[in-house]
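User: Please go through the salt bridges, pockets and surface of this structure with me.

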Amino acid sequence: MKVEALKQRLNRNRPMTSVTIRMPEDVVEDLKKVAPLLGFSGYQPLIRAYIGQGLRVDLERFESETVTALVASLKRRGVSDAVIDEALKEVLRAESC
């Protein structure tokens, strides 16, 4: 995830919306038991954490798949490995700043 996007995700004052979801009662009871054991103030923050973790994994996976597909496409078009490697290094350096 890019540094700027990560900074925005860590901002507690970003806009929020309500979501209603139906869940089995036993799952909610389990969430209520586990939440304090993991240091959460309640089951809703735990649900948000679970969703956030899964979402970040999926976003990273799709971003990685896009980069992999782009590299394969460039290779098919005759772009050398050296040029591709240099471009990837340049992008990684820019993201880390």
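The turns below cover charged pairs, then pockets, then a surface patch.

User: What kind of model is this, and how many salt bridges does a search of the whole structure find?

Analyst: This is a predicted model. A salt bridge here needs a side-chain nitrogen of Lys or Arg within 4 Å of a carboxyl oxygen of Asp or Glu. Searching the whole structure for such pairs gives a total of 5 salt bridges.

User: How many residues apart are Arg61 and Glu65 in their helix?

Analyst: Arg61 and Glu65 form a salt bridge, with 3.5 Å between the closest N and O atoms. Both belong to helix H3, which covers residues 43-76. Their spacing is about one turn of that helix, that is, 4 residues.

User: Is Arg61 buried or exposed, or in between?

Analyst: Buried requires under 20% relative accessible area and exposed requires over 50%. Arg61 has 41%, and its partner Glu65 has 43%. Arg61 therefore falls between the two cut-offs and counts as partly exposed.

User: Which residues are linked with Arg61 in a network of salt bridges?

Analyst: Arg61 is paired with Glu65 in a salt bridge. The network also takes in an Asp. The residues linked with Arg61 are Glu65 and Asp58.

User: Which residue meets Lys75 in a salt bridge, and what is its relative accessibility?

Analyst: The N to O distance in the salt bridge of Lys75 is 3.5 Å, and the other side chain is that of Asp81. Lys75 is partly exposed, at 44% relative accessible area. Asp81 is also partly exposed, and its relative accessibility is 45%.

User: What is the N to O distance between Arg93 and Glu86?

Analyst: Arg93 is partly exposed at 46% relative accessibility, and Glu86 is partly exposed at 42%. Their side chains meet in a salt bridge, with an N to O distance of 3.6 Å.

User: Which element gives the largest share of the lining of the largest pocket?

Analyst: The largest pocket holds about 1,200 Å³ of space. The elements that give two or more residues to its lining are helix H1 (3-10) and H3. With 11 residues, the largest share comes from H3.

User: How many charged residues are in the lining of the largest pocket?

Analyst: The lining has 27 residues, and those nearest the pocket's centre are Arg14, Met16, Gln44, Arg48 and Ala49. Sorted by class, 15 of the lining residues are nonpolar and 7 are polar. The number of charged residues is 5.

User: Which helices each supply at least two residues of the lining of the second largest pocket?

Analyst: The second largest pocket holds about 350 Å³ of space. Its lining has 16 residues, with Val67, Leu88, Val91, Leu92 and Glu95 nearest the centre. By class these lining residues are 11 nonpolar, 1 polar and 4 charged. The helices that each supply at least two of them are H3 and H4 (81-96).

User: Where does Ile21 lie, and how much accessible area does its nonpolar patch have?

Analyst: Ile21 lies in the loop between H1 and helix H2 (25-37). Exposed means over 50% relative accessible area, so Ile21 counts as exposed at 62%. Ile21 forms a nonpolar patch on the surface with Met23 and Val27. Together the three residues have an accessible area of about 240 Å².

Conventions:
Residues numbered from 1 in each chain as written. Predicted model: local features only at pLDDT ≥ 70, side-chain atom pairs only at ≥ 80, totals over all residues. Heavy atoms only, no water. Buried < 20%, exposed > 50% of the residue type's maximum accessible area, 1.4 Å probe, protein only. 1 Å grid on protein atoms, 1.4 Å probe; cavity = no way out; pocket = protein on both sides within 12 Å on 5 of 7 lines; lining within 4 Å. Points joined across faces, edges and corners; volume = space filled by probe spheres on them. Nonpolar A, V, L, I, M, F, W, Y, C, P; charged D, E, K, R; others polar. Patch = residues over 30% accessible without salt bridge, like charges linked within 9 Å, V, L, I, M, F, W, Y side chains within 5 Å. Areas by Shrake-Rupley, 256 points an atom, 1.4 Å probe, with all protein chains shown as cover.
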